[in-house]
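Reader: I would like to go through a model slowly, feature by feature, and learn how each kind of value should be read.

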Amino acid sequence: MNDQRALACSVLRGGTSKGLYFRAEDLPHERAARDRVLLAALGSPDPREIDGMGGAHPLTSKVAVVRRSARPDADVDYLFLQVWPDRPEVSDSQNCGNLLAGVGPFALEEGLVAPTGEVTDVRIWMENTQSLAVARVETPGGVVRYGGGAHIDGVPGTSAPIPIEFLDVAGSSCGALLPTGRVRDVVEGLEVTCVDNGMPVVALRATDLGLSGEETPAEIEARRDVRERVESLRRACGPLMNLGNVADSTVPKVSLLSPARHGGTLSTRTFIPHRVHEAIGVFGAVSVATACVLAGSVAAEVAGLAASPGETTLEIEHPTGYFSVTLELATGPDGPTVVRAALLRTARLLMRGEVYVPAGTWGDR
C-alpha cells in the first residue's frame with residue numbers, strides 16, 4: 001500500500017512572494033484535514049521546512065486555494081492561507097495581495113476562466129476580506145504571457161504586467177477605513193494611525209522607537225527591545241481596531257515610517273507581524289498609502305502631504321525598492337472615502353505537477 005498521496009498543485013511567484021496554488025476541489029473539504037495536508041505539503045513545523053515545499057520564510061510559505069465562483073460578479077474565489085514555518089498553524093486571518101497576482105494566471109492555466117482576447121480581466125472574490133479585485137492578464141492567442149517589460153522591486157528581471165484594481169476593500173477586516181474613528185491615536189505613549197484599506201496596519205514614526213528608518217530588516221530584528229515594544233503595541237491596538245485579542249493573529253501589521261530616501265512618498269519597515277518584511281505586502285502598501293492622504297495622520301505628517309480629493313499615485317519605499325499605489329479619494333460629510341485603489345504586480349508559473357504528502361494526514365474528505 002502506498003503510504004504517500006499525490007496532490008495536484010502549481011507553484012507560482014506572485015509579486016514578491018511565492019506559494020503553492022491548489023484547486024479547492026483537490027483539497028480535503030474538512031478544515032482540520034485540509035490544514036494537516038497543507039502543513040505536510042510545505043514541511044511545517046520546521047524552521048527550514050526541509051521535508052516539504054515551503055521556503056523557510058513566511059513570504060515563501062504560502063498557499064492559494066482557488067475555485068470557480070458561484071457569484072455573479074466574480075469568476076473565481078480565492079482563499080489565502082499562511083502556513084507558518086515555525087509552528088503547526090495555517091491561518092486565514094489576512095489576505096495576500098502578492099499571491100493574488102498569480103490567481104488570474106492560475107485560473108486561466110487551469111481552465112477555470114476562459115481567455116477573452118489579448119488581455120483577459122479576471123474577477124476575483126477574495127474570501128479572506130470578502131471583497132473583489134480585478135486582475136488584467138495578458139493572453140495573446142489565448143495563452144497566458146509571463147514575459148514582458150514590467151519590473152517590480154524585490155523581483156529580478158522583468159515580466160508581463162498584471163494591473164490589479166481593488167473594489168471596496170476599505171474596512172474589510174476592521175469594519176471601517178479608520179477602525180478607531182480617528183486619524184491619530186496615542187497607544188502606550190506612541191502616536192499611531194490605525195488604518196484598514198485591505199490590510200489592518202498600525203503606522204507610527206520609526207524615530208519613536210529609536211530607529212532612523214534606514215535599518216535593514218535583519219538589523220531591526222536583532223533589536224529585542226524594538227521587537228517587544230512593537231508586539232506590545234500591536235496587541236494593544238488589536239481591540240481598538242475591532243480585531244479583539246490578536247496575540248495569535250497575523251494582523252494588524254505594524255509599519256515604521258520615516259521620510260523617503262529615494263524620491264518616494266515615505267519609507268517603511270513593516271513587521272509581518274514578528275519578522276520584518278524584506279519589502280512590503282500589497283495590502284500593507286495600500287493601507288500605508290491611504291494613511292498618507294488622510295489629513296492629520298502620522299503618515300501624512302511623515303510624508304509631508306496634504307489630503308485632496310481626486311486620483312494620486314504614491315511611491316511607498318521599502319527595504320528593497322518601492323511600491324506604486326494609485327488611489328482615488330473622495331471627501332464627504334462622514335470623512336474621507338477611498339473610491340479606488342490600484343497597483344501593478346507580476347507573476348510567473350514556476351512548476352505544475354503533484355506534491356506528495358503522507359497518506360495518514362488526509363483523513364476523510
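Author: What follows takes up the overall form, one helix, the cavities and some backbone details.

Author: This is a predicted model, in which local features need pLDDT of at least 70 and side-chain atom pairs count only at pLDDT 80 or more, while totals for chains, interfaces and linings use all residues. Residues are numbered from 1 along each chain as its sequence is written, and side-chain values use heavy atoms, with hydrogens and water left out.

Reader: How many helices and strands does the protein have?

Author: Helices (H or I, at least four residues) and strands (E, at least two) are DSSP runs, numbered from the N terminus, and on that basis the protein has six helices and 17 strands. The radius of gyration, taken over C-alpha atoms and compared with a globule rule of 2.2 Å times the number of residues to the power 0.38, is 20 Å, close to the 21 Å given for 365 residues, so the protein is as compact as a globular protein of that length. Its C-alpha trace spans about 65 × 45 × 35 Å along the principal axes.

Reader: What should I look at in helix α2?

Author: Begin with the span, whose expected value is 1.5 Å times one less than the number of residues: α2, residues 97-109, has 13 residues and reaches 19 Å from its first C-alpha to its last, close to the expected 18 Å. Then consider the bend at a residue, the angle between axes fitted to the seven residues ending there and the seven starting there; α2 bends by about 30 degrees at V103, and the proline P105 follows within four residues. Burial comes next, where buried means under 20% relative accessible area, exposed over 50%, and partly exposed in between, with a 1.4 Å probe and protein chains only. In α2, 12 of the 13 residues are buried, so the helix is largely enclosed by the rest of the structure. Just after α2, G111 takes a positive phi of about 75 degrees.

Reader: How many cavities of 30 Å³ or more are there?

Author: Rolling a probe the size of a water molecule over the atoms shows where empty space is left. Here a cavity is a set of points on a 1 Å grid over the protein atoms alone where a 1.4 Å probe fits but cannot get out, and lining residues have an atom within 4 Å of a point; grid points are joined across faces, edges and corners, and a volume is the space filled by probe spheres set on the points. The count comes to two cavities of 30 Å³ or more. About 200 Å³ of space lies in the largest cavity, which is lined by 20 residues, with Q94, M199, K253, H277 and G281 nearest its centre. The elements giving two or more residues to that lining are α2 and α5 (282-292). The second largest cavity has a volume of about 40 Å³, and P105 is among its lining residues.

Reader: Which backbone details deserve a check?

Author: Look at omega and phi: the peptide bond from S44 to P45 is cis, with omega near 5 degrees, and the one from V251 to P252 is cis, with omega near 0 degrees. E49, in the loop between α1 and β3, has a positive phi near 50 degrees and is buried at 1% relative accessibility. N242 also has a positive phi, of about 65 degrees, although it is not a glycine, but N242 is exposed, with a relative accessible area of 51%.

Technical notes:
1 Å grid on protein atoms, 1.4 Å probe; cavity = no way out; pocket = protein on both sides within 12 Å on 5 of 7 lines; lining within 4 Å.
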